[in-house]
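Welcome! Here is a short briefing to help you find your way around this structure. Take a look at it, then read on topic by topic.

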Amino acid sequence: MKLIIAIIQDDFSSRVIKSLTENKYMATKLSSTGGFLKSGSTTLLIGVEDEEVDNVVNIIKEQCKDKRVTKGRDEVIVGGANLFILDMYGYNKM
Ligand code: 2BA
């Protein structure tokens with residue numbers, strides 16, 4: 001199994017969650033804040049079987065796009081979604 005941690009721009013979180021649930025994936029939504037820009041984001045925890053990872057990544061990709069943000073004199077590109085995909089030992093519901 002894998003745990004996908006997806007840090008998503010707030011603007012896209014509703015549609016990502018809608019698309020995930022329509023495709024029968026479970027997700028936990030956490031409110032988060034970027035360390036650099038200090039602006040709000042959404043972090044999703046999504047536990048899936050290994051063979052489902054690509055499908056979930058594609059669903060997220062379809063709903064998100066990057067944006068340019070000005071910070072002081074600089075401009076940064078914030079990804080629509082930043083994904084961390086971790087090996088997961090197991091999942092138990094008790
Ligand atoms: P923030 O930390 O608020 O970063 C927002 C954007 O600012 C980043 O976009 C990147 O383009 C830029 N940035 C971040 N740190 C920087 C630095 N030290 N110097 C110059 N520019 C910097 P993304 O890379 O798309 O990241 C979006 C959000 O995803 C981040 O928000 C953070 O909350 C999370 N994130 C990205 N990479 C991460 C990582 N390796 N570990 C943990 N969280 C990460």
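## A first stop: G40

G40 lies in strand β3. Please keep in mind that this is a predicted model. From G40 we move along to T42, then to the overall layout, the nonpolar core and the ligand.

- G40 counts as partly exposed because its relative accessible area is 44%, and a residue is called partly exposed between 20% and 50%.
- Leaving out residues up to four places away in sequence, G40 touches D10 and S32.
- R68 comes 28 residues away from G40 along the chain, and the C-alpha atoms of G40 and R68 are 15 Å apart.

**T42, in the strand that holds G40**

- Strand β3 covers residues 40–48, and T42 is part of it.
- Is T42 buried or exposed? T42 is buried, because its relative accessibility is 3% and the cut-off for buried is under 20%.
- T42 and D10 meet through their side chains, in a polar contact of 2.7 Å.
- D10 is also one of the residues that T42 touches beyond four places in sequence; the full set is A6, I7, I8, D10, S13, K29, L30 and S32.

**The overall layout**

- The protein has two helices and six strands.
- Read from the N terminus, the order of these elements is β-α-β-β-α-β-β-β.
- Along the principal axes, the C-alpha atoms of the protein fill a box of roughly 50 × 25 × 20 Å.
- The protein has 94 residues, and 28% of them count as buried.
- If you take contacts between residues at least 6 apart in sequence, 67% of them join residues at least 24 apart.
- About 6700 Å² of the protein is exposed, with 49% of that area supplied by carbon and sulfur atoms.

**The largest nonpolar core**

- In soluble globular proteins, nonpolar side chains tend to be buried together.
- Here, the largest nonpolar core holds 16 residues, and the members that touch the most others are I8, V16, L20, I46, V56 and I60.
- At least two residues of this core come from each of β1 (2–9), α1 (10–22), β3 and α2 (53–63).
- Which element gives the most to this core? That is α2, with five residues.
- I46 is in contact with K2, L3, I4, L20, M26, A27, V56 and I60, once neighbours within four places in sequence are set aside.

**Around the ligand**

- Which residues surround the ligand? They are I7, G34, G35, F36, L37, V76, I77, V78, G79, N82 and F84.
- By class, this shell is made of seven nonpolar and four polar residues, with no charged ones.
- Strands β5 (74–78) and β6 (81–87) each provide at least two residues of the shell.
- The largest share of the shell comes from β5, which gives three residues.
- G35 has a backbone N or O atom 3.2 Å from an oxygen atom of the ligand.
- For F36, a backbone N or O atom lies 2.9 Å from a ligand oxygen atom.
- N82 uses its side chain instead: a polar side-chain atom of N82 lies 2.9 Å from an oxygen atom of the ligand.
- On its own, the ligand has 740 Å² of accessible area, and the protein covers 52% of this.

Definitions and conventions
Residues are numbered from 1 along each chain as its sequence is written. This is a predicted model: local features need pLDDT of at least 70, side-chain atom pairs count only at pLDDT 80 or more; totals for chains, interfaces and linings use all residues. Side-chain values use heavy atoms; hydrogens and water are left out. A residue is near a molecule or strand if one of its heavy atoms lies within 4 Å of it. A polar contact is a pair of N or O atoms within 3.5 Å; within protein, one must be able to donate a hydrogen and the other to accept it, and residues adjacent in sequence count only if both atoms are side-chain atoms. Accessible areas come from the Shrake-Rupley method with a 1.4 Å probe; for residues, only the protein chains shown count as cover. Helices (H or I, at least four residues) and strands (E, at least two) are DSSP runs, numbered from the N terminus. Ala, Val, Leu, Ile, Met, Phe, Trp, Tyr, Cys and Pro count as nonpolar, Asp, Glu, Lys and Arg as charged, and the others, Gly among them, as polar. Buried means under 20% relative accessible area, exposed over 50%, partly exposed in between (1.4 Å probe, protein chains only). Contact means heavy atoms within 4.5 Å. A nonpolar core is a set of buried Ala, Val, Leu, Ile, Met, Phe, Trp, Tyr and Cys residues joined through side-chain atoms within 4.5 Å.
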